[in-house]
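Here are some exercises to work through with the model open beside you. Try each task before you read its solution.

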Amino acid sequence: MIRRILAVAASAALLVTGATTAVAHPKDPKPTIVLVHGAFADGGSWAGVTKRLQRDGYKVVVPAVPLRSIATDTTYLTGVLASIPGPKVLVGHSYGGALITELAGTPGVKSLVYVAAFIPQAGETIGALNAQFPGSEIGPDTTNTITYAGGADLVMKPESFRAVFAADLPAREAAVLGASQRPVAAAVFGETVAKSAPGSLPKYALVPSGDKAIAPAGEQFMAERAGAHIVKVSGASHLVMISEPGTVTKLIEKAAH
């Protein structure tokens, strides 16, 4: 009798173990999050978001965008994406939105996230899109031109940087960001975008209401046209990923799921 009880118990244990094994299949791997910065910025602008994503178990890649032209920058980023195996979520800030739009058809890209960003369609320019709605303060009064043998770059005037980009950040922090900004080739604003993002690809857009670099009405228009899931952040500046990193991270992780 005792042997029979032990045999039944052993069989039950095997069944439980088998059931547990069946349920414990490894989950699909988390996608790599690729954070693409915009003009007048660098990868450091994603530091707060990167830290949160890494804490939550995501692999994060923050490439240094050349900021030379849409064609040049997308060519470079194509190489970056080719080096990343598995699924990817592309996140673009500002001018970076035009870049991830062109890269949307890259193998492995599962969704796009636009953070205070342009969402252009093929044949458009970001300069024309930015002029379509009132509210952007990027222009001759707020930028300086750096000319050199190969062309011309634009850089935000130090005294204008906080008002246009970072009104919700402390003055000292904004001053550091303004001093370390990266110039962008002036020609990018008139360069024609070659591709639209596939309509079937999931898209998410974060629109900060206090943006003075891209008009919030323009961001809303582009996001609605693209069929993106939209999150609005009241009072946030163009550098919303610095002032509201938790909100931005939450949207990215939603896109990653």
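Let's fix one term before starting: a residue is buried under 20% relative accessible area, exposed over 50% and partly exposed in between, with a 1.4 Å probe and protein chains only. This is a predicted model, where local features need pLDDT of at least 70 and side-chain atom pairs count only at pLDDT 80 or more, while totals for chains, interfaces and linings use all residues. Residues are numbered from 1 along each chain as its sequence is written, and side-chain values use heavy atoms, with hydrogens and water left out.

**Exercise 1. The chain as a whole**

Find how many helices and strands the protein chain has, and what share of its residues is buried.

Step 1: Go through the DSSP runs, taking H or I of at least four residues as helices and E of at least two as strands, numbered from the N terminus. You get 10 helices and 9 strands.

Step 2: Turn to burial, and 46% of the 257 residues come out as buried.

Step 3: Now look at contacts, meaning heavy atoms within 4.5 Å. Of those with a separation of 6 or more, 70% join residues 24 or more positions apart.

**Exercise 2. Salt bridges**

Find the salt bridges in the whole structure, and say which parts of the chain R68 and D153 tie together.

Step 1: Search for a side-chain nitrogen of Lys or Arg within 4 Å of a carboxyl oxygen of Asp or Glu. The search turns up 3 salt bridges.

Step 2: Take R55 and D56, whose side chains meet with N to O at 3.3 Å. R55 is exposed at 61% relative accessibility, and D56 is partly exposed at 26%.

Step 3: Move on to R68 and D153, with their closest N and O atoms 3.2 Å apart. R68 sits in the loop between β2 (60-61) and α3 and D153 in strand β6 (residues 151-156), so this pair ties together parts 85 residues apart in sequence. D153 is buried at 10% relative accessibility, whereas R68 is partly exposed at 31%.

Step 4: Finish with E124 and R225, where the closest N and O atoms are 2.7 Å apart. E124 belongs to the loop between β4 (109-115) and α5 (126-131) and R225 to helix α8 (residues 216-226), so the pair links parts 101 residues apart in sequence. R225 is partly exposed, with a relative accessible area of 28%.

**Exercise 3. Helix α8**

Which residues of α8 are buried, and what do they pack against?

Step 1: Pick out the buried residues of α8: G218, E219, Q220, M222 and A223.

Step 2: Follow their packing, which runs against α5, β8 (203-208) and β9 (229-233).

Step 3: Check what comes after α8, and you land on G227, with a positive phi near 75°.

**Exercise 4. The cavity linings**

Which residues line the largest cavity, and which classes do they fall into?

Step 1: On a 1 Å grid over the protein atoms alone, a cavity is a set of points where a 1.4 Å probe fits but cannot get out, and lining residues have an atom within 4 Å of a point.

Step 2: List the lining of the largest cavity: A39, F40, S94, Y95, F118, I126, I138 and F189.

Step 3: Sort them, with Ala, Val, Leu, Ile, Met, Phe, Trp, Tyr, Cys and Pro as nonpolar, Asp, Glu, Lys and Arg as charged, and the others, Gly among them, as polar. That gives 7 nonpolar, 1 polar and no charged residues.

Conventions
On a 1 Å grid over the protein atoms alone, a cavity is a set of points where a 1.4 Å probe fits but cannot get out, and a pocket is an open set with protein on both sides within 12 Å along at least five of seven lines; lining residues have an atom within 4 Å of a point.
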